[in-house]
Amino acid sequence: MTILITGATGNVGRPLVEQLHAAGTKVRAVTRNPSPHFPAGVETVASVRDGLAGATAVFLNSRALGPDLTWTVEAAKDSGAKLVALSAMNVDEDFTRQPSRLRGDRNKEVEQLAVDSGLPWVSLRPALFATNFIGMWAGQLQAGDVVAGPYASASSAPIIEADIAAVAAHALLTDDLNGRKIPLTGPQSLTNAELLAIVGEVLGRALHYREIPVVQVRERFVAIGFPAEFGTAYTALLAETVGRPAPVSDEVERILGRPATTFAEWVAQHRGAFTPRLETSHV
């Protein structure tokens, strides 16, 4: 068995490579990084076109595959390789509420291609990635104790990427999940204010969430180089969760036989990202 992982240095791909390797599986990782620091024995290839031959299963990351997405699925038909697609919880929503599409994700397409392929398939539909909070909050918390953002009462059930990878590994190594579209979330729905309070509790800091107008949020995205449509889609997505709990799935526990990792556990593992960095003094 040889499993091909696209997006192998990403937030899901890297732990997936490590977990499959630890399970004794031959792993072929697609990466353009000349020094990816994978475990010894992991084979690396520069493109999916270099690595698909002989693969018995493929992990499909649509952002990493880009224009090669359709080609990959079509080529997999020749070898009969199993497909495990990384999609998203909101895949069936209107595209105007899917900000990740503006970053290159094609969640709808990757899932549909897998389903229509005639090959064994599984589609993973994770909720908000926990690491998104590093991008959104780390810089602010390194500078102070206030996070300024939209909708303090908007809710999510963030999932830890290593849990997504663990479910993906199970899907790639067994037939237990074949033919399923699987929603994956963390164990609890929490508002932005509650999530920040958890960060504060783990770090031992008194943190405050300051809600700012949606127009200001959109302007901030534009200022850091995102298209205007991204901020519009992002705030529209959050607006739908104001005052109501985000859906929570128990699939991680059902599939892995252990509870999903909590947000507090994840923050404890990544506390350095939210901790002020000491400036180096020069004498």
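This briefing covers the N-terminal strands, helix H6, the aromatic pairs and two residues with positive phi. The model is predicted: local features need pLDDT of at least 70, side-chain atom pairs count only at pLDDT 80 or more, and totals for chains, interfaces and linings use all residues. Residues are numbered from 1 along each chain as its sequence is written, and side-chain values use heavy atoms, with hydrogens and water left out.

**Strands E1 to E3 and the E2–E3 loop**

- Helices (H or I, at least four residues) and strands (E, at least two) are DSSP runs, numbered from the N terminus.
- Thr2 lies in strand E1, residues 2-5.
- Its relative accessible area is 9%, so Thr2 counts as buried; buried means under 20% relative accessible area, exposed over 50%, partly exposed in between, with a 1.4 Å probe and protein chains only.
- Beyond residues up to four places away in sequence, Thr2 touches Lys26, Arg28, Gly54, Ala55, Thr56 and Ala57; contact means heavy atoms within 4.5 Å.
- Thr31 sits in the loop between strand E2 (26-30) and E3.
- Thr31 is also buried, because its relative accessibility is 9%.
- The Thr31 side chain reaches the backbone nitrogen of Asn33 at 2.9 Å.
- Not counting residues up to four places away, Thr31 touches Thr9, Pro36, Phe38, Thr44, Val45 and Ala46.
- Glu43 belongs to strand E3, residues 43-45.
- With a relative accessible area of 31%, Glu43 is partly exposed.
- Leaving aside neighbours within four places in sequence, Glu43 is in contact with Lys26, Val27, Arg28 and Ala29.
- Glu43 and Gly10 are 33 residues apart in sequence and 16 Å apart in space, C-alpha to C-alpha.

**Helix H6**

- In helix H6 (residues 132-143), the buried residues are Phe133, Trp137, Ala138, Gln140 and Leu141.
- An α-helix has 3.6 residues a turn, so residues three or four places apart point the same way.
- The cover over the buried residues of H6 includes strands E7 (146-149), E8 (155-156) and E11 (208-211).
- Helices H8 (192-203), H9 (214-223) and H12 (263-269) are also part of that cover.

**Aromatic rings**

- The whole structure holds 10 aromatic pairs; rings of Phe, Tyr and Trp (its six-membered ring) pair if their centres lie within 6.5 Å, with planes under 30 degrees apart stacked, over 60 edge-to-face and the rest tilted.
- Phe221 and Phe226 have ring centres 5.5 Å apart and planes at 70°, so this pair is edge-to-face.
- Phe221 and Tyr234 are edge-to-face too, because their centres lie 5.2 Å apart and their planes are at 75°.
- That pair links distant parts of the chain: Phe221 in helix H9 and Tyr234 in helix H10 (residues 228-239), 13 residues apart.
- Phe221 is buried at a relative accessible area of 14%, and Tyr234 counts as buried at 14% relative accessibility.
- Ring pairs join Phe133, Trp137, Tyr209, Phe263, Trp266 and Phe274 into a cluster.

**Charges over rings**

- The charged end of Arg49 sits over the ring of Trp71, 4.3 Å from its centre; the criterion is NZ of Lys or CZ of Arg within 6 Å of the ring centre and within 35 degrees of the ring normal.
- Arg101 lies over the face of Phe95, at 3.8 Å from the ring centre.

**Positive phi**

- His37 is not a glycine, yet has a positive phi of about 60°.
- His37 is in the loop between E2 and E3 and counts as exposed at 69% relative accessibility.
- Tyr151, in the loop between E7 and E8, has a positive phi near 50°.
- Tyr151 counts as partly exposed, at 21% relative accessibility.

Methods
A polar contact is a pair of N or O atoms within 3.5 Å; within protein, one must be able to donate a hydrogen and the other to accept it, and residues adjacent in sequence count only if both atoms are side-chain atoms.
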